[in-house]
Amino acid sequence: MDCGDGASTVEMVHVIDDEFMTDPILFKKLLEDAKKPLYPSCIKFTKLSALVKLYNVKARYGWSDKSFSNLLQILGDMLPVNNEMPLSVYEVKKTLNALGMEYKKIHACPNDCILYRNELNDASSCPTCGMSRWKLGKDIDVYLAPLVIDLKASWEVKAYDAHQRVLHNKGYFGYHACPICGEETNSHWLKHGNKNSYTDHRRFLPCNHPFRKQKKAFNGEQEFRLPPKELTGDEIFTKVDMIHNSWGKKKKFKQCESFANPTSYWKKKSIFFELEYWKYFYIRHNLDVMHIEKNVCESIIGTVLNILGYCSNFRNLVSLEELKLNGLKSHDYHALMQQLLPIALRSVLPKHVIYAITRLCFFFNALCAKVVDMSRLNDLQQDIVVTLCLLEKYFPPSIFDIMIHLIVHLVKELRLCGPVYMRWMYPFERYMKVLKGYVRNHNRPEGCLVECYIAEEALEFCTKYLSGMDAIGIPSSMKDEWKCGKPLLGGRSEHMKYLKTKYPRQSKRVKWLEDEHVHIFSYWLRKNVSDDISKKELIENELKWLARTKTINKNPVLGDMYFYGIVREIWDLDYNMFNICVFKCDWVDSKNGVKVDEFGFTLVDLSKIGHKSDPFILATQAQQVFYAKMELFDIEGDGNIADNDMDHHPFVNGMPNIKSFDEVEDYDEICMHTNCEGIWIEH
């Protein structure tokens, strides 16, 4: 009998047959359900395919178990007699558990001492503290133990472990709070501020930098020390190896007598050191840029504006009566730091302070870019060290908490770990909202989270084999976007390879290759598209149209040029087989209406319109910027009002010259605070 999804369902079951090596009876039962029609003479659904699709709808729309059971009973009554429709969620789960929807419950001591597993599986109380097992605790290493066992098993079968940059061995507090500088962390205690201050970033400057010799602008001493030596994984492991962890809220750690040291800042040995490869990682402490940026922005705003405390509607967060910003979240601070703060402070602070803050904002803007230019990272590191030194000159020591110090290490992690957006906390915090949406029974939130999560994973696997079934969480409207035609692989680079292969003697003559590429590319394109069509390959309509076009620009001029303007009209060009969207814009004269000021901002005079003969661009060529009206700027000496926007790539032309702003020398204390704890004052 040929059921609609019968063959696909059987194939799906055979894919996971390795999971049933120890339980062949369960595999046989699942295979029978994959072949058995939903009811006699049914040709569209098998029992298993019907259950999977119904459970997919339940998970997609968050139905309760009770409502789903009622639906199953109604469907069972509607279907012909002798149907295979289960009558309860319990029976459905018994069938689907074989697809990976089963999980193991592990109880934990409420004081975070142990997990009730292995030899303690049947214990009713904690052997460490005596507490009953029926509550949940929070000590992270205890709950990571099952994960470590899985990672060890993966290592034994030579599977690559991608969990190398997820956790920290220590918290960020104390005199040696920096996990990278370690014992060489430079800090001092502010008695009246009741906190540590982490300063003296001159150590990270080049040896001949003039800041190293300045005294009055910093702490009254010249600085000739080298940067702190970073500990290797082996060295850290040696320091923590003698620490004996004692889990639980009552006894956080216990050191052996020979190793006990009141000045030691290592409080525990991470459970990840049980992995034999952990100590060889270059990065074991992933610094979360999201929280660092949020805390740094909060410190600057609180210090500059003396307040406490985009994305969302930003005006709702501003209290004009109390002159405060209330209820800001991490992403609000992200928008403040990278877009709003440099503009907001332009007219309220001295130039040298604005310059230092603007440099810091530009740094985070460059750090968070999705594309990392490795050749510019050394300059970026030097820029941020100078910026931190400028902040030490102009701000009181109380602002320099550990978060501001950690900025100096972010470029190194960018170099080793890749783009920030792939490893900061924003995706995880957004996903927390998804997980919270799984909770139906608030008395058992953990069970709701686990069951919904594994159900989605199992159903995601089934969507690859069953027709008419979409993955949960992905809008069905996106399916059309996935059905893209086959692109012409390589384009220019592919044609260059073709020329070098066809003309091997000319393969090293760059000028000849460029000229030949311009002359024959259109013919090569037409032939390749024609060949793909004859092979019945799916080709985009735009590519077909380009291949048929006889007039192709044979003298293109390539280069990066920025034009600023305002969109006046949006045109949708209908070419019958496809549409193209273009913008008609008023462009500012690039010569007389645009310049970069001393702070690195792009000043645009919207009254000076140019390029009137070429007003159109493709919508794909445009980048959205925002314009903020500022005071009068004189671009050409005529006093016209210019608008201000921060370029999306502030480091394209580098930072402005520091000498034009930093005029503070040993004999000049005009910019220094003299009434703050921790400031060096000569008597």
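This report walks through the predicted model shown above, from the whole chain down to single residues.

**The overall picture**

Let's begin with the chain as a whole. The protein chain has 683 residues, and 41% of them count as buried. Its secondary structure is made up of 19 helices and 16 strands. If you add up the accessible surface of the chain, you get about 40300 Å², and carbon and sulfur atoms own 54% of that.

**The cores**

Now look inside. The largest nonpolar core has 63 residues, and those with the most contacts inside it are Ile 292, Val 296, Leu 360, Phe 363, Phe 364, Ile 407 and Leu 410. Several helices feed this core with two or more residues each: helix 8 (289-304), helix 9 (330-344), helix 10 (351-367), helix 11 (377-394), helix 12 (402-406) and helix 13 (410-417). Another core, of 30 residues, lies apart from it, and Leu 30, Leu 31, Leu 38 and Ile 472 are among its members.

Val 296 is a good residue to zoom in on. Which residues is Val 296 in contact with, leaving aside its neighbours within four places in sequence? Click on it and you should find Met 337, Leu 360, Phe 364, Met 403, Ile 404 and Ile 407.

**Helix 3, a helix on the inside**

Next up is helix 3, which covers residues 47-61. You can check its length with a bit of arithmetic: at 1.5 Å a residue, its 15 residues should span 21 Å, and the end C-alpha atoms are 22 Å apart, so the two values agree. Eleven of those 15 residues are buried, and that is why we can call helix 3 largely enclosed by the rest of the structure. The buried set runs through Lys 47, Leu 48, Ser 49, Ala 50, Leu 51, Val 52, Lys 53, Leu 54, Tyr 55 and Asn 56, and it also takes in Lys 58. Just after the helix comes Gly 62, which takes a positive phi of about 70 degrees.

**Salt bridges**

On to the charged side chains. How many salt bridges does the structure hold? The count is 20. Here are three of them, with the distance from N to O.

| Acidic residue | Basic residue | N to O distance |
|---|---|---|
| Asp 65 | Lys 93 | 3.7 Å |
| Glu 230 | Lys 412 | 2.5 Å |
| Asp 383 | Arg 359 | 3.4 Å |

Take the pair of Asp 383 and Arg 359: Asp 383 sits in helix 11 and Arg 359 in helix 10, so their bridge ties together parts that are 24 residues apart in sequence. Arg 359 has a relative accessible area of 4%, so it counts as buried.

Some bridges share partners, and in this way Lys 58, Asp 65, Lys 93 and Glu 451 are joined into one network. You have already met Lys 58, as one of the buried residues of helix 3.

The bridge between Lys 93 and Asp 65 belongs to this network. Lys 93 is in helix 5 (residues 89-96) while Asp 65 is in helix 4 (residues 65-78), so here the linked parts are 28 residues apart in sequence. Are these two partners buried or exposed? Lys 93 has a relative accessible area of 18%, and since the cut-off for buried is under 20%, it makes the list. Asp 65, at 35%, counts as partly exposed. Beyond residues up to four places away in sequence, Lys 93 touches Tyr 55, Asp 65 and Glu 451.

For the pair of Glu 230 and Lys 412, both ends are partly exposed: Glu 230 has a relative accessible area of 35%, and Lys 412 has 26%.

**A nonpolar patch on the surface**

Nonpolar side chains turn up on the outside too. Tyr 431, Val 434 and Tyr 453 make a nonpolar surface patch of about 250 Å². Tyr 431 belongs to helix 14 (residues 426-436), and its relative accessible area of 34% makes it partly exposed.

**A glycine tucked into a loop**

Where is Gly 182 found? Look in the loop between helix 6 (140-156) and strand 3 (188-190). Gly 182 is in a loop, yet it is buried, with a relative accessible area of 1%. Now compare sequence and space: Gly 182 and Trp 266 are 84 residues apart in sequence, while their C-alpha atoms are 9.5 Å apart.

Definitions and conventions: Residues are numbered from 1 along each chain as its sequence is written. This is a predicted model: local features need pLDDT of at least 70, side-chain atom pairs count only at pLDDT 80 or more; totals for chains, interfaces and linings use all residues. Side-chain values use heavy atoms; hydrogens and water are left out. Helices (H or I, at least four residues) and strands (E, at least two) are DSSP runs, numbered from the N terminus. Buried means under 20% relative accessible area, exposed over 50%, partly exposed in between (1.4 Å probe, protein chains only). The expected span of a helix is 1.5 Å times one less than its number of residues. Accessible areas come from the Shrake-Rupley method with a 1.4 Å probe; for residues, only the protein chains shown count as cover. Patches are made of residues with over 30% relative accessible area and no salt bridge: like charges are joined within 9 Å, nonpolar side chains (Val, Leu, Ile, Met, Phe, Trp, Tyr) within 5 Å. A salt bridge is a side-chain nitrogen of Lys or Arg within 4 Å of a carboxyl oxygen of Asp or Glu. A nonpolar core is a set of buried Ala, Val, Leu, Ile, Met, Phe, Trp, Tyr and Cys residues joined through side-chain atoms within 4.5 Å. Contact means heavy atoms within 4.5 Å.
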